[in-house]
Structures are given as structure tokens and as C-alpha cells.
Amino acid sequence: MSLIDPHGNRGLVNRTLTGAAVSARLAELADAPSLTLSNRELSDLYLIGVGALSPLTGFQSERDYHSVVNHLALADGTVWPLPVTLAAPAEQAERLRPGQIVVLRDAAGTAAGTLTVADVYGYDAAEQARLVYRTDDAAHPGVAALYRQPNRLVGGDVTVFIDRIAAEFPDYELTPTETRARFDALGWRSVVAFQTRNPVHRAHEYLQKCALETVDGLLLHPVVGETKSDDIPAAVRMRCYEVLLERYFPTGRVLLAALPVAMRYAGPREAIFHAILRQNYGCTHFIVGRDHAGVGAYYGTYDAQHLFDELPVGGLKIEPLKYEHAFWCLRTGGMATTKSSPATAAEQIVLSGTKVREMLARGERPPITFTRPEVADILIQSLSVPVI
């Protein structure tokens, strides 16, 4: 039995160049114009190159962009929820022509890849915000980032020179080709993915273990790309995951891998985006809990789960596993949800993020009903005012 097909049924995209081929390519383009990428765009470029954003072969053209924003699909009908675009200042963009090759550089000026211009187009940032983020409020971090970016978009196929981007985590940054090889070597044919940008607490652990009862393995796949400034640093989170897996999960059932994607905080649409990524990494199932990829009060608790139900039949091959919010149940003496416990509200222990932050800031370990003590110790030692 083979692993799940990448999204779009066109195989795993590979747009990377390595070694001498990169030097030769740059020599040919010594006089080519350049564009400098934001951190988000650099992450997207890398992910396109290794196939994590299959079937994308580059930054979206105007036709695909408008189809994605208005219809949650590429122009050919393939489900796709978020714009993956390259922004450029008007004075640079207006000099570009279709067919022209542009060198893409990081903030330090290092060549990260190339783009063959398909088109250059304007867009309505407020309209994109309302349709994609469901708000045009500049206090929303994703909307704020959208409003800050330049006012022209450049579409076109890319070649990518970056072979790794998460330099902090060399042992954990695995490409879709590599995760698929690991799954195959482990004999996993059903794999559930868990998306996180926070340390795993007891509610997360409960959902993961519920899913592990029905599949061969778990891909614990935390985001290590750009996040909000008040999110817990990736290095701290990774240590929390390591200690949790060392002590509380069976050997050979979990693969920890770092995902260098930038968070958009786009709620329901980003949940679909995260599922597509995990299908490309070889996962057959994806955990969708409460307020997936949400921020503030912009989305309903289970809006992300509802959006999966609205997709066309067969639009995704990966299967969402929908869970309610878990809590420590005083009546049953363990983790539960309202689907499995008759506990009253008074019998459900749920600590707010504010309460946990206050406890950790004082050096107090939250109760074991909320998080494992080893995880709490790492947070206390590493952070002055952490966010859970």
C-alpha cells in the first residue's frame, strides 16, 4: 500500500537547484534584477521548492490569486485557501515584464532563488483581509502584515537555492520527501499530524493520544517559521516537545519534525492550508481542535471544523479529525471532552491563558491537570512572561 498522494494529484513538486547548478544559474543572471523577500515570502519560497506547497510551482499569478481569495481554489479548481504571493514596491514592479527572470534575495542580500515573471498585478488589501481573514481590523496580526507589504504582486514559477531554512533545528527540519521516507521505513501507512505553535499541554496530549489509538503514527509538526512577537520562541517550544516525547509517548509512534512555515493567523482558511501541507508531508489525517490558527476573538471556536465541511467532496484527501476542547474532569479523574464525560462546568478544570501566564511569571508550576511538570519547568526557566 502506497503513501497518500500529494495535494493536487500531480506528484510532489521539486523546484530546487543545488551545488554547481546554483553557481551556474547565478552566473547567467549577473545582470538580472532582484527582489528582496520578507521572512514569510522566504519561507514560502523554500516550501514551494521542496514540495510542501504542492501543486504550487511558484508565487500565484493574478488569475490564481483572485480565484483563491474569492473561491478557496486555484483557477483550475484545486482547493487552495490562502494567497501565496510575492509583493514588490510599485517602482520595482513596473519595470518587470512577462518572461523576465528575477533573482530572489533574503534580507542579507543572499540569492535564495529565481522567479520567471508571469504577471505583475495590483490587489485590494482590504478586500483580501475581509475575505481571507474575515476582518479588515489592522489589530489582527495577519491583516497588519498584509497592510504593511508593498502594493504590487509578482506571479511566476520559481527555482529555489535554499536546501534548509530552519538553521536552529538541523535534526528536525525534514522535507516532505524525507518525512515520507521515514513513514515508509517505520511501516506507517496512516499518519496523523498535529499542528502547534505552542508547547503541548494536557489537552493537546489527550487529543494526540486519542488519534494514536486509530492510526500507525503521529507527526508532531510544530511551526518554527515567523510567528507573533509574543508567541513562545521556537527553541523553547522544541525543548518542551522533546521532554514530553521522552517521558510520555511510546517509542516508535511519534516523529517530531520542524515546519518552517510563517503563521498567518487566518483561522479557518489557515486550518485548510495546514492540512494541505501535512498531506504533502505524507499524512493521512489531521487534528483540528478549537480555534485552529486563530487569534483574539476573530473566529468562532469551531469555525475551522465547519469550513472543512464546506469543501467540495474529494477536495482534500487528508482526513480532518475534529475534536472538542478537552479538560481535566474531576468526576472521571482524567482528561475528557463533553462527548465523553457528563461533568458539569464546575467539574471541568480549564485554566485561562492569563492565569497560566501569571503563574509561570511568578515561577509557580501550573497543576499537573494542565501541563506536565517537566514542560512547566522549561517554561519557568526560559521565559519571564510566556504565552500558552
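## Helices, a sheet and two pockets

Helices α9 and α13 are roughly antiparallel to each other, because their packing angle is over 145 degrees. The angle itself is about 160°, and the two axes lie 9 Å apart. If you want to find the pair, α9 covers residues 234-248 and α13 covers residues 373-382. Their crossing is right-handed. Keep in mind as you look around that this is a predicted model.

Next up is the sheet. Five strands make an open sheet, and reading across it you meet β9, β8, β7, β10 and β11 in that order. The pairing is parallel. At the edges sit β9 (254-256) and β11 (319-322), each of which pairs on one side only. How much are neighbouring strands turned against each other on average? The answer is 25°, with direction ignored.

For a closer look at one pairing, try β8, residues 217-222, which is joined to β9 by three bridges. These two strands run parallel. Here Leu 219 of β8 has Leu 255 of β9 standing opposite.

Now for the pockets. Here are the two largest, side by side:

| Pocket | Volume | Lining | Classes in the lining |
|---|---|---|---|
| Largest pocket | about 1,000 Å³ | 40 residues | 19 nonpolar, 14 polar, seven charged |
| Second largest pocket | about 610 Å³ | 31 residues | 16 nonpolar, nine polar, six charged |

Which residues lie nearest the centre of the largest pocket? They are Asn 198, His 201, His 204, Arg 290 and Asp 291. Four elements each give two or more residues to this lining: β7 (191-196), α8 (202-212), β12 (327-329) and α12 (353-361). Of these, α8 supplies the largest share, with four residues. Strand β7 turns up in two places, then, since you also met β7 between β8 and β10 in the sheet.

The second largest pocket has its own set of residues closest to the centre, namely Arg 40, Ala 145, Leu 146, Gln 149 and Glu 226. The elements giving two or more residues to its lining are β1 (34-36), α2 (39-50), β3 (87-88), α5 (125-133) and α6 (141-148). Which element gives the most to this lining? That is α6, with five residues. Two of the central residues, Ala 145 and Leu 146, fall inside the α6 stretch.

Note on methods: Residues numbered from 1 in each chain as written. Predicted model: local features only at pLDDT ≥ 70, side-chain atom pairs only at ≥ 80, totals over all residues. Heavy atoms only, no water. Pairing = 2+ DSSP bridges. Axes fitted to C-alpha atoms, helices over the stretch in contact; angles between N-to-C directions. 1 Å grid on protein atoms, 1.4 Å probe; cavity = no way out; pocket = protein on both sides within 12 Å on 5 of 7 lines; lining within 4 Å. Points joined across faces, edges and corners; volume = space filled by probe spheres on them. Nonpolar A, V, L, I, M, F, W, Y, C, P; charged D, E, K, R; others polar. Parallel < 35°, antiparallel > 145°, perpendicular 65-115°, else oblique. Left-handed = near helix turned anticlockwise from the far one by under 90°.
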